[in-house]
Amino acid sequence: LLAVVASLENAKRVHLVGTGDAGIWALLASTLTENAVDKLIVNLDGFSFAELKTTSDPNFIPGALRYGDVGGLGLLASPQTIHVGGLKPDSQNAEKLKLSAAGRAGQLQIMPQNFSRKEIVDQILKVK
């Protein structure tokens, strides 16, 4: 879906937003888009692959912990701007995401609480 939207003639920017369970899905989807997503806004609600109890959990991904949990997989994210809510700023996942941002000219915002609906809309409407 992201590739189709990004290829539309009138699409100037693509913003991907994920909240609830879709927060981690949006983060992972952004790793596969090769710069198709300009801005990524996710609420992770404290999600960590380390806290999953069973392999039958719908969010289970084999090898996710081996490759650095949320932060390690987030290193592959390609959006220019990433806003992450629900992730403690001093966590290992936050540190790995900060490394990702340091390697490119983009922006990274990490907040310990989830973004409110208003904050999400404000970020979407904010022009570069």
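A residue is called buried when its relative accessible area is under 20%, exposed when it is over 50%, and partly exposed in between (1.4 Å probe, protein chains only). The structure on display is a predicted model, in which local features need pLDDT of at least 70, side-chain atom pairs count only at pLDDT 80 or more, and totals for chains, interfaces and linings use all residues. Residues are numbered from 1 along each chain as its sequence is written, and side-chain values use heavy atoms, with hydrogens and water left out.

**The whole chain**

Begin with the full chain in cartoon representation, coloured by secondary structure. Five helices and four strands make up the secondary structure of the protein; helices (H or I, at least four residues) and strands (E, at least two) are DSSP runs, numbered from the N terminus. From one end of the sequence to the other, the pattern is α-β-α-β-α-β-α-β-α. The protein is as compact as a globular protein of its length, because its radius of gyration of 14 Å is close to the 14 Å that the globule rule gives for 128 residues. That radius is taken over C-alpha atoms, and the rule is 2.2 Å times the number of residues to the power 0.38.

Reduce the display to the C-alpha trace, which spans about 45 × 30 × 25 Å along its principal axes. Of the 128 residues in the protein, 42% are buried. Among the contacts (heavy atoms within 4.5 Å) with a separation of 6 or more, 63% join residues 24 or more positions apart.

**Helix H1: Val5**

Select Val5, a residue of helix H1 (residues 2-7). Val5 is partly exposed, since its relative accessible area is 30%. Outside its neighbours within four places in sequence, Val5 is in contact with Ala11 and Val14. Add Val37 to the selection: the C-alpha atoms of Val5 and Val37 are separated by 9.7 Å, with the two positions 32 residues apart along the chain.

**Helix H2 and its packing partners**

Move to helix H2 (residues 22-30), where the buried residues are Gly23, Ile24, Ala26, Leu27, Leu28 and Ser30. Against which elements do the buried residues of H2 pack? Display strand S1 (15-18), strand S2 (39-43) and helix H3 (69-74) together with the buried residues of H2, for these are the elements they pack against.

**An aromatic pair**

Now show the aromatic side chains. A search of the whole structure finds one aromatic pair. The rings of Phe47 and Phe49 form an edge-to-face pair, because their centres are 4.9 Å apart and their planes stand at 85°. Rings of Phe, Tyr and Trp (its six-membered ring) pair if their centres lie within 6.5 Å, and planes under 30 degrees apart count as stacked, over 60 as edge-to-face and the rest as tilted. Phe47 and Phe49 are both buried.

**Two aspartates with positive phi**

Most residues other than glycine have a negative phi. Select Asp45, which is not a glycine yet has a positive phi of about 50°. Asp45 belongs to the loop between S2 and H3 and, at a relative accessible area of 59%, is exposed.

Next select Asp69, in helix H3. Asp69 also has a positive phi, of about 60°, although it is not a glycine. Is Asp69 buried or exposed? Its relative accessible area is 9%, so Asp69 is buried.

**The largest pocket**

Keep Asp69 selected and add Ser48, Leu87, Ser91 and Asn93: of the 15 residues that line the largest pocket, these five lie nearest its centre. The volume of this pocket is about 190 Å³. On a 1 Å grid over the protein atoms alone, with a 1.4 Å probe, a pocket is an open set of points with protein on both sides within 12 Å along at least five of seven lines, and lining residues have an atom within 4 Å of a point. Grid points are joined across faces, edges and corners, and the volume is the space filled by probe spheres set on the points.

Colour the lining by residue class: four residues are nonpolar, seven polar and four charged. Ala, Val, Leu, Ile, Met, Phe, Trp, Tyr, Cys and Pro count as nonpolar, Asp, Glu, Lys and Arg as charged, and the others, Gly among them, as polar. Helix H4 (residues 92-102) gives the most to this lining, with three residues.

**Helix H4: Gln92 and Lys98**

Finish on helix H4, which includes Gln92. Gln92 is exposed, at 63% relative accessibility. The C-alpha atoms of Gln92 and Gly72 are separated by 9.2 Å, and the two residues are 20 apart along the chain.

Further along is Lys98, also placed in helix H4. Lys98 is partly exposed, because its relative accessible area is 36%. Not counting residues up to four places away in sequence, Lys98 touches Pro89, Leu108 and Ile110. As a last distance, join the C-alpha atoms of Lys98 and Gln109: they are separated by 9.0 Å and lie eleven residues apart along the chain.
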